[in-house]
Number of protein chains: 2
Amino acid sequence: MAVTDFPITNLPFGVVRRRAGQARTYAAQAHICTAFEDRILDLHACVEEGLIDEPALLEPVLNTFMGKGREAARAMRARITELLTSGAADAHLLPMDGAELLLPMRVGDYTDFYASIHHATNVGSMFRPDNALLPNYKWVPIGYHGRASSIVASGTPVRRPNGQTRDDSNAPPVFGPSKRLDYEMELGMVIGAGNPLGEPIPVAEALDHVFGFCIVNDWSARDIQTWEYQPLGPFLAKNFATSVSPWIVTLDALEPFRTSAFRRAEGDPEPLPYLADDAGFDITVEVWLRTAQMTEPVRLSRGNFRDMYWTVAQLVAHHTSNGCNLLPGDLLASGTISGTAKDSRGSLLELAWRGTEPVELPTGETRRFLQDGDEVILRAYCEREGLPRIGFGECRGVVMPAPQS
Amino acid sequence: MAVTDFPITNLPFGVVRRRAGQARTYAAQAHICTAFEDRILDLHACVEEGLIDEPALLEPVLNTFMGKGREAARAMRARITELLTSGAADAHLLPMDGAELLLPMRVGDYTDFYASIHHATNVGSMFRPDNALLPNYKWVPIGYHGRASSIVASGTPVRRPNGQTRDDSNAPPVFGPSKRLDYEMELGMVIGAGNPLGEPIPVAEALDHVFGFCIVNDWSARDIQTWEYQPLGPFLAKNFATSVSPWIVTLDALEPFRTSAFRRAEGDPEPLPYLADDAGFDITVEVWLRTAQMTEPVRLSRGNFRDMYWTVAQLVAHHTSNGCNLLPGDLLASGTISGTAKDSRGSLLELAWRGTEPVELPTGETRRFLQDGDEVILRAYCEREGLPRIGFGECRGVVMPAPQS
């Protein structure tokens, strides 16, 4: 994690707890905090001391604060900037080292989209060679509901799942550990102010309902997925764990990194009017791997969020276009972020092309899919000439062996 | 709703609130209650008076009580039976009329299965004529995650959704009100004691994790579904609303209606060992419709839950077989309950065979799909020679026009 992830122009929100046995630097309860350079500012303590007037920051998760909307987050970042600049809150600045970073919010519902046309084309060409990109793709922001209960904080080990798979279409399926465990590099949009059931969010207002972004690892068991996913979509192939990064980078911090130079190719249809938008974000995303043999991780891929076919505003508008209600803290993930270059592919399935082109590692090891002991480290950051770099920190998870089945 | 739904052998759990302006018969706060014949026993009041020793019944939803597991529910039903038999709690018996029945629990995650082979075959033959029942069906209990935030209590009006549809594969899709709105008659299993992430529930213990059953209407926009569902499953076609009945009928009340005489036909494969179970439930399910022209509803269909291909224990065991964690109050719906007889089909899509065989109503009206003003009323009950009948009450919802798009 780069120290430069958290300049004063970032000020992301998270929830921190003291590790057991650690000196009493952090509160034993979960406290809402922000990250600043290599330190953490305890916002809960600032409220208690009267430096900040916002009771929602006394809660153990960010949901209530998120629900106050984008203006409230903007005003709070301005106040925190004052405190950090003046030194008035210096007593509540704590070292980042040793902090236990918890899930920032209680996720009521988790939706996973499929917004990268490059990812959809890659995966489609493996699973349906004669029918890679389905006819609806360029019209409908495809998404499905994921599992909220198994969303875990970065650093939580992930157990390889058991499940049904069938390699031989003439034999019965078997039940046992997945042999094709994968990661997916995604960004997650966390909802701020929600919408009542039955009242869609217009695309022009959609970004006002997004509190901020985080990194999401949508762990996937490809062999389970292949056998189960028709006709109702992925289920047990995905819902054993989803990791999220601890700091929610606000939309205001990301604002300078918006871009519209992206996505649609010549001949692609104009989006239907309820989806009219072209506001992308220039966010670099990286996947790193540390096998049990490595001391330092190696980078497997580097892509960019601006390469998505559908924008964040389009995803929010589409999701609510039928009246579906979003609640503060709900998580909308982008789907795997892949570009056109081979080294921009955001899953091992794509990098090793379904196992046919194993990835070679500096240790001499190869990977078709993840092995037990592998640690996956996802990073994301924004860089632009003349602006301070801002980052998301990391989303980490190490693969543990499957339980006895 | 039949008075005989709630004999003393039923004692389902629900949450009740006084309607605004009503005499102070019910508490203004949400109170956990049970239904007894044509009355409601206020369990919250019983705890406050010291007649029942269970602080979890003071909460506004059943989740904490559900999480105490099946033994706790069993003991509570025994205590309530004593109170009702002795008359000791008669002061807290209130009339059913005028009670506002709320959502009994806060649903963290909602899963919808597809456990009726007759429904899967019917729908499959419409959407994929040459490939009706997919090869995985008889091995994998197919399911997907639904939307928890849009689960509504029985009686809540349901707005027809807008969405993308495409009738003509040579023309762009259009956005507007769904023209193929449907209901689905399902039963829902509500989780009692959960399981930790990474620790599957063995099939033999699965029913101990189920608190009880309710009725579920999985409203579905078939035209939106057809266009959006590949490759990741239904999304906006389903997540605009899901209605649930107010009373959770406990597993102990249903115990006398278990049956194993059902489901698998000759030649069907034995389930894999982790799914070994054949404990069905004999529960009659009925769909009634009241159009705006009718004073009384008419019955559209009558099916039975024993006709499902997968059992409740199999659904729970499969769901957790990869380590996925279930939490108290989570909802697992069965999927549409259809049998082999035409009048046992649990959706209008099937009854009117995708609009090709319109359903004729006594008023002279016909229905291919639901029209604005139609009220759908789902009922379920158990009958067996020598036992008191027990019922689920009703799950109602009236269709409102789509909002301006």
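This report covers the symmetry, the chain-to-chain interface and selected salt bridges of a predicted model.

**Symmetry and interface**

A turn of 180° with a shift of 0.0 Å along the axis lays chain B on chain A with an RMSD of 0.0 Å. This is the relation of a two-fold axis. The C-alpha of B:Gly233 is the one in chain B nearest the axis, at 2.1 Å.

The copies meet through the same surface, because 100% of the interface residues of chain B are also interface residues in chain A. Chain B contributes 57 residues to the contact and chain A contributes 57 residues. Between them the two chains bury about 5100 Å², with 63% of this on carbon and sulfur atoms. On the chain B side, B:Arg147, B:Leu232 and B:Phe235 lose the most area to chain A, together 15% of what that side buries.

Polar contacts between chain B and chain A amount to 30 residue pairs. The elements of chain B that give two or more residues to the side touching chain A are strands E6 (110–113), E7 (143–146), E10 and E11 (174–177), together with helices H5 and H7 (312–320). E7(B) gives the most, with 4 residues. By residue class, the side of chain B that touches chain A divides into 31 nonpolar, 19 polar and 7 charged.

The interface of chain B and chain A holds 4 salt bridges. One of the salt bridges in the model joins B:Arg147 to A:Asp330, with the closest N and O atoms 2.7 Å apart. B:Arg147 is also among the residues of chain B that lose the most area to chain A.

**Salt bridges within chain B**

Over all chains the count comes to 58 salt bridges. Three of those in chain B are listed below.

| Salt bridge | N to O distance |
|---|---|
| B:Asp208 and B:Arg70 | 3.6 Å |
| B:Asp372 and B:Arg160 | 2.8 Å |
| B:Arg222 and B:Glu184 | 2.8 Å |

The salt bridge of B:Asp208 and B:Arg70 links distant parts of the chain, 138 residues apart: B:Asp208 is in the loop between strand E13 (185–191) and strand E14 (210–217), and B:Arg70 is in helix H3 (residues 70–86). B:Asp208 counts as partly exposed because its relative accessibility is 44%, whereas B:Arg70 is buried at 12%.

The salt bridge of B:Asp372 and B:Arg160 joins two loops. B:Asp372 lies between strands E24 (366–367) and E25 (375–382) and B:Arg160 between strands E9 (158–159) and E10 (162–165), so the pair ties together parts that are 212 residues apart in sequence. With a relative accessible area of 37%, B:Asp372 is partly exposed; B:Arg160, at 8%, is buried.

In the third salt bridge, B:Arg222 meets B:Glu184. B:Arg222 is in helix H5 (residues 222–228) and B:Glu184 in the loop between strand E12 (181–182) and E13, 38 residues apart. Both B:Arg222 and B:Glu184 are buried.

**Surroundings of B:Lys238**

B:Lys238 is placed in the loop between H5 and strand E16 (242–244) of chain B. Its relative accessibility is 7%, so B:Lys238 counts as buried. Leaving aside residues up to four places away in sequence, B:Lys238 touches B:Tyr144, B:Glu184, B:Asp218, B:Trp219, B:Ser220, B:Arg222 and B:Gln225.

**A network in chain A**

In chain A, a network of salt bridges links A:Arg70, A:Glu71, A:Arg74, A:Asp208, A:Asp252, A:Glu255 and A:Arg258.

Definitions and conventions
Residues are numbered from 1 along each chain as its sequence is written. Chains are lettered from A and ligands numbered from 1 in the order in which they are written. This is a predicted model: local features need pLDDT of at least 70, side-chain atom pairs count only at pLDDT 80 or more; totals for chains, interfaces and linings use all residues. Side-chain values use heavy atoms; hydrogens and water are left out. A salt bridge is a side-chain nitrogen of Lys or Arg within 4 Å of a carboxyl oxygen of Asp or Glu. Buried means under 20% relative accessible area, exposed over 50%, partly exposed in between (1.4 Å probe, protein chains only). Copies are superposed by least squares on the C-alpha atoms of residues with pLDDT of at least 70 in both. Contact means heavy atoms within 4.5 Å. Buried area is the accessible area (1.4 Å probe) that two parts lose on being put together, summed over both. A polar contact is a pair of N or O atoms within 3.5 Å; within protein, one must be able to donate a hydrogen and the other to accept it, and residues adjacent in sequence count only if both atoms are side-chain atoms. Ala, Val, Leu, Ile, Met, Phe, Trp, Tyr, Cys and Pro count as nonpolar, Asp, Glu, Lys and Arg as charged, and the others, Gly among them, as polar.
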